[in-house]
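Welcome! Here is a short set of exercises to help you find your way around a new structure. Keep the viewer open and work through each one before you read its solution.

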Amino acid sequence: MPVITCIEDLKRIYRRRVPKMFYDYAETGSWTEQTFRENSSDFAQIRLRQRIAVDMTGRGTRSAMIGQDVAMPVALAPVGLTGMQSADGEIKAARAAEKFGVPFTLSTMSICSIEDVAAHVTKPFWFQIYTLNDDDFNRRILDRARAAGCSALVITVDLQILGQRHKDIKNGMSAPPKFTLPVLMDLATKWGWGIEMLQTKRRFFGNIVGHVEGISDPSSLSAWTAEKFDPALNWDKIKKLMDMWGGKVILKGILDPEDAEKAASAGADAIVVSNHGGRQLDGALSSIRMLPQIAAAVGGGTEVWMDGGIRSGQDVLKALALGAKGVMIGRAFVYGLGAMGEAGVTRALEVIQKELETSMALSGETQVSGLGRHNVLVPNGFLDGYS
Ligand code: GLV
């Protein structure tokens, strides 16, 4: 077992183990990837305020997200094709999250179906849906999520159309992969991944294949989005989807205070300040830079979370200090999953929790509820340098 001390260690193993097509799918932004890069590099600009001689005994990372107790306020984000990063990947990630005590969100674009995941966990998980132009599909998939006991719905509101990711086009990304010569040459070096993949039947979009009509290529993310996503989305349609679910709702993909206010008035239980990991509007500002003004604009019963660029517990601390009540991680757990399966997701969560807990202690804080603006040093102009 390799010694893993940080998320970067998992990423190195992940890169060696998983086919290029799926590594690239996760490790990409849209167009020039500026927003993708800045999600991380903006975190690095924020510094932590070291404090001494503060009693650091009895510290902990426990918290709550939309009323659910969590071991730390870090949920696994919905990530498409997780079951292509490792065979049965969604089941592995859901099990690791359940054992660790943090929420897992299943993407509509998963390989394992809602029912598959439900059969392998004992507690409710969250389900993610896109905004589609197909009410019948929406109704059926929400019924399935309800029947599987999902306890919250994450609605992705920043993907009416797909941002262009050059690598996916060049790689001919699909699930399962099509066996072109470059794919076969790459697979020849990724036999560990291949052997596990041959042992599972879960190699297609499990929530879609057999459940939806009229897509020209059910293995292609871009065909599905172009043909089924709703370019005419508006707030009435979002509210209709929220009503159709009737339970707790998290609106993910909000990057502007005006949209955040609308989400709060629509009755969202939480919003996720997010630019979809830099995969949609390239040129948008990073999530961490937009977080404070959005947190200030939203009050009352709507929790503000963020995602994008989190690769350490220090990043989680910075986000909580700048106004988030919780965060979501995508790539950080995918690296673990691709590197070492379920154990890798557990390791990613352990690494982040340890970093968060130690950094809190060295910042003079014992509970996440005590974190605030006083814990971080932010360069002049960082939060109001753009207008
Ligand atoms: C899907 O949501 C993606 O970003 O690929």
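**Exercise 1.** Which side chain meets Arg289 in a salt bridge? Place both partners in the chain and decide how covered they are.

*Solution.* Keep in mind from the start that this is a predicted model.
- Step 1: The partner is Asp42, with an N to O distance of 3.1 Å.
- Step 2: Arg289 belongs to helix α14 (residues 287–297) and Asp42 to helix α3 (residues 34–45), so the pair ties together parts that are 247 residues apart in sequence.
- Step 3: Both Arg289 and Asp42 are buried.

**Exercise 2.** Find the salt bridge between Arg202 and Asp116, and describe where each residue sits.

*Solution.*
- Step 1: The closest N and O atoms of Arg202 and Asp116 are 2.9 Å apart.
- Step 2: Arg202 is in the loop between α10 and α11, while Asp116 is in helix α6 (residues 114–118); with 86 residues separating them, the pair links distant parts of the chain.
- Step 3: Arg202 has a relative accessible area of 22% and is partly exposed.
- Step 4: Asp116, with a relative accessible area of 21%, is partly exposed.

**Exercise 3.** Follow the salt bridge of Arg17 and Glu196, then look for a further residue in their network.

*Solution.*
- Step 1: The side chains of Arg17 and Glu196 meet at 3.2 Å, N to O.
- Step 2: Arg17 lies in helix α1 (residues 7–17) and Glu196 in helix α10 (residues 191–198), so this bridge ties together parts that are 179 residues apart in sequence.
- Step 3: Arg17 is partly exposed at 21% relative accessibility, and Glu196 is partly exposed at 28%.
- Step 4: Lys92 is linked with Arg17 and Glu196 in a network of salt bridges.
- Step 5: For the wider setting, the count for the structure comes to 22 salt bridges.

**Exercise 4.** Check the length of helix α5 (residues 89–100), then ask how many of its residues are buried.

*Solution.*
- Step 1: Helix α5 has 12 residues, and at 1.5 Å a residue it should span 16 Å.
- Step 2: The end C-alpha atoms of α5 are 16 Å apart, which agrees.
- Step 3: Of the 12 residues in α5, 9 are buried, so the helix is mostly covered under the 20% cut-off for relative accessible area.
- Step 4: Among the buried residues of α5 are Gly89, Ile91, Lys92 and Phe100.

**Exercise 5.** Why does Cys150 not bond to the closest cysteine sulfur?

*Solution.*
- Step 1: The closest cysteine sulfur is in Cys112, and it lies 14 Å from the sulfur of Cys150.
- Step 2: A disulfide needs the two sulfur atoms within 2.5 Å, so 14 Å is too far for a bond.
- Step 3: Cys150 is buried, at 9% relative accessible area, whereas Cys6 is partly exposed, at 25%.
- Step 4: Searching the whole structure gives 0 disulfides.

**Exercise 6.** What is the volume of the largest cavity, and which residues lie nearest its centre?

*Solution.*
- Step 1: The count comes to 1 cavity of 30 Å³ or more, and the volume of the largest is about 410 Å³.
- Step 2: Its lining has 30 residues, with Pro78, Val79, His276, Arg279 and Gly330 nearest the centre.
- Step 3: By class, this lining holds 14 nonpolar, 10 polar and 6 charged residues.
- Step 4: Elements that each supply at least two lining residues include α2 (20–26), α11 (221–228), β11 (326–329) and α16 (331–362).

Notes:
Residues are numbered from 1 along each chain as its sequence is written. This is a predicted model: local features need pLDDT of at least 70, side-chain atom pairs count only at pLDDT 80 or more; totals for chains, interfaces and linings use all residues. Side-chain values use heavy atoms; hydrogens and water are left out. Buried means under 20% relative accessible area, exposed over 50%, partly exposed in between (1.4 Å probe, protein chains only). On a 1 Å grid over the protein atoms alone, a cavity is a set of points where a 1.4 Å probe fits but cannot get out, and a pocket is an open set with protein on both sides within 12 Å along at least five of seven lines; lining residues have an atom within 4 Å of a point. Grid points are joined across faces, edges and corners, and a volume is the space filled by probe spheres set on the points. Helices (H or I, at least four residues) and strands (E, at least two) are DSSP runs, numbered from the N terminus. Ala, Val, Leu, Ile, Met, Phe, Trp, Tyr, Cys and Pro count as nonpolar, Asp, Glu, Lys and Arg as charged, and the others, Gly among them, as polar. A salt bridge is a side-chain nitrogen of Lys or Arg within 4 Å of a carboxyl oxygen of Asp or Glu. The expected span of a helix is 1.5 Å times one less than its number of residues.
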